[in-house]
Amino acid sequence: MILFRWIFSKRRGAISYDSSDQTALYIRMLGACVIFKQLFSRDVRVRSQVGFEPDRRGSHPYLGVDFRTLHSRAESAGSIPARRIRRLFSFQRHLLSSRLLRGAPHLNPLHILDEDYCGQAKCMLEKVGSWNFDIFLFDRLTNGNSLVFLTFNLLNQYGLIELFQLDMVKLRRFLVLVQEDYHNQNPYHNAVHAADVTQAMHCYLREPKLAQSLTSFDILLGLLAAATHDLDHPGVNQPFLIKTNHYLAALYRNTSVLENHHWRSAVGLLRETELFSNLPAEDSLSIERQLGSLILATDISRQNEYLSRFRTHLDEDDLCLGNASHRHFVLQMALKCADICNPCRPWELSKQWSEKVTEEFFHQGDIEKKYKLEISPLCDSEANTIASVQIGFMTYVVEPLFAEWARFSDTRLSQTMLGHLGLNKASWSAMEPEASGSSEEGESEPGHATDEPSSRVLSQGSQES
Ligand SMILES: [Zn+2]
């Protein structure tokens, strides 16, 4: 029985959904019929590969929260079929608009992107190595496909598609699935953040010290890790998952819960799309393992551990980039910088990120209030402001990291980033002089009397990862 039928304009095609076979979607276009079998069953297969079942989502005995709907506004809790249909459209839309990536002339009458927007997005990609790159504008110009377009473009630009003989269809499918597995309802942890981190990673990979020493394999790993580092992020932090007894917290024993999930989700998509099936098995296993090591390094609760290791290497001047393990460590540090580089961007971009991350913090705080859970640090909208959250984050997390990065890579880009960081902090301080003063003095907020400001920021900073 056909439950759902939608006719394209001008009767160019139709999509049918057969309730007797819920793994199949029939698409009829221009006389051809394509059956997307198994696309809908992907979630189940991927979840079972990584060791947990989809029906265990939101396992808090009282909350029963489905994290995919936490930041939902327009969608109802029962919108998963709609999401899957959107994914299909997205894939189709991407294939149709892929001429932008190939630079091929426009031939397909079912194009989605407007010609002018395509041209402007293509122009922007010519300056993809600029620190002023406006990822928000690029996302609009690509119709919400910034992560797919940007990552594909970079892989192509570095010659990695050719070098590793990556199958174009598999690669595009992989990138589309990665993009779709980010929750666009999250104000901050969505695909645009992943695209932004990937663009920042590209800027760091081009820095002389890295460009001279990194191998193509390192670059491939760096870009893939950046694109997938927050995959399927629920929009809440690890302490929230732990205190609500979420199954992910149990699965990963309360340790780097989100980062482990991002990594396993990325591995699930790599295996599902068979992106590296042409490589020897040991190489693809090595990619999976190193991808994990890079993504796990973004756990902000381990910030001091990485930072002191970095500082020791710089003090002793013993980083040897001919050594694979040292190069891997530098990639970890580069990804960590890329992940929290928002305060180092020009004010117009930085301010937007600050607003988005604080919105996500406060949304978590609102849920905690609603269910009478302890409100996490920095998540109480009545006790914090965007400025106070940002000043603490810049002071205790961003400044120490970027100061060491500038020691390692003393370049114009590093100076530019530190310059923006200083100016942005001054701008927030001007809006919130008290917050600036209290951060420096180490004054605690009510309810957190024993907390050091730095530990409060670090514990909540996991939302930035
Ligand atoms: Zn992140």
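Gln179 lies in helix 8, which spans residues 168–181, in what is a predicted model. Gln179 is buried, with a relative accessible area of 6%. Its side chain is engaged with backbone atoms elsewhere in the chain: a polar atom of the Gln179 side chain lies 3.3 Å from the backbone nitrogen of Leu147, and the side chain also reaches the backbone nitrogen of Val148 at 3.2 Å. Gln179 can further be placed relative to Ala227, from which it is separated by 48 residues in sequence and by 8.5 Å in space, C-alpha to C-alpha.

Helix 14, formed by residues 257–273, offers a second buried polar residue: Thr273 belongs to this helix, and its relative accessible area is 4%, so it counts as buried. A polar atom of the Thr273 side chain lies 2.7 Å from the backbone oxygen of Leu269. When neighbours within four places in sequence are left aside, the residues in contact with Thr273 are Lys170, Arg173, Phe174 and Leu177.

The view may now be widened to the chain as a whole. The protein chain contains 22 helices and four strands. Of its 465 residues, 57% count as buried. Among contacts between residues at least 6 apart in sequence, 70% join residues at least 24 apart. One individual pair separated in sequence is that of Asn132 and Pro346, which are 214 residues apart along the chain and 6.6 Å apart in space, C-alpha to C-alpha. Asn132 is placed in the loop between helix 4 (115–125) and helix 5 (135–141). Not counting residues up to four places away in sequence, Asn132 touches Pro346, Leu349 and His420.

The nonpolar interior comes next. The largest nonpolar core has 104 residues, and the members that touch the most others are Tyr204, Phe402 and Trp405. Helix 19, covering residues 386–408, supplies the largest share of this core, with 11 residues. A second, separate core consists of 11 residues, among them Val236, Ala249, Tyr252 and Leu373. The surroundings of Trp405 can be listed in detail: apart from neighbours within four places in sequence, Trp405 is in contact with Tyr204, Leu210, Phe310, Val330, Met333, Ala334, Cys337, Ser414 and Met417.

Cysteines deserve separate attention. A disulfide is a covalent bond between the sulfur atoms of two cysteines. A search of the whole structure finds zero disulfides. For Cys203, which is in no disulfide, the nearest cysteine sulfur is that of Cys341, 8.3 Å away; a pair would have to lie within 2.5 Å to qualify. Cys203 counts as buried, because its relative accessibility is 4%. Cys379 is likewise buried, with a relative accessible area of 0%.

The metal site is described by its donors and its angles. The zinc ion is coordinated by His193 and His229, each through NE2, and by Asp230 and Asp339, each through OD, at 2.0 to 2.2 Å. Along the sequence, these donor residues follow the spacing H-x35-H-D-x108-D. Both His229 and Asp230 are buried. What arrangement do the four donor atoms around the zinc ion make? The angles they subtend run from 85 to 169 degrees, and the arrangement is therefore irregular. The reasoning rests on a cut-off, because four donors count as tetrahedral only if all angles lie between 85 and 135 degrees. For comparison, the ideal angle for four tetrahedral donors is 109.5 degrees.

Two residues with unusual backbone geometry complete the description. Asp232 has a positive phi of about 60 degrees although it is not a glycine. Asp232 lies in the loop between helix 11 (216–228) and helix 12 (238–243). Lys372 is not a glycine either, and has a positive phi of about 55 degrees. Lys372 is found in the loop between helix 18 (347–370) and helix 19. Are these residues buried or exposed? Asp232 is buried, with a relative accessible area of 3%, whereas Lys372 counts as exposed, because its relative accessibility is 75%.

Technical notes:
Residues are numbered from 1 along each chain as its sequence is written. This is a predicted model: local features need pLDDT of at least 70, side-chain atom pairs count only at pLDDT 80 or more; totals for chains, interfaces and linings use all residues. Side-chain values use heavy atoms; hydrogens and water are left out. A nonpolar core is a set of buried Ala, Val, Leu, Ile, Met, Phe, Trp, Tyr and Cys residues joined through side-chain atoms within 4.5 Å. Buried means under 20% relative accessible area, exposed over 50%, partly exposed in between (1.4 Å probe, protein chains only). Contact means heavy atoms within 4.5 Å. A polar contact is a pair of N or O atoms within 3.5 Å; within protein, one must be able to donate a hydrogen and the other to accept it, and residues adjacent in sequence count only if both atoms are side-chain atoms. Donors are N, O and S atoms within 2.8 Å of the metal (3.2 Å for Na, K and Ca); water is not among the atoms, so sites may look incomplete. Four donors count as tetrahedral if all angles lie between 85 and 135 degrees; four count as square planar and six as octahedral if opposite donors are over 155 degrees apart and all others between 65 and 115; anything else is irregular.
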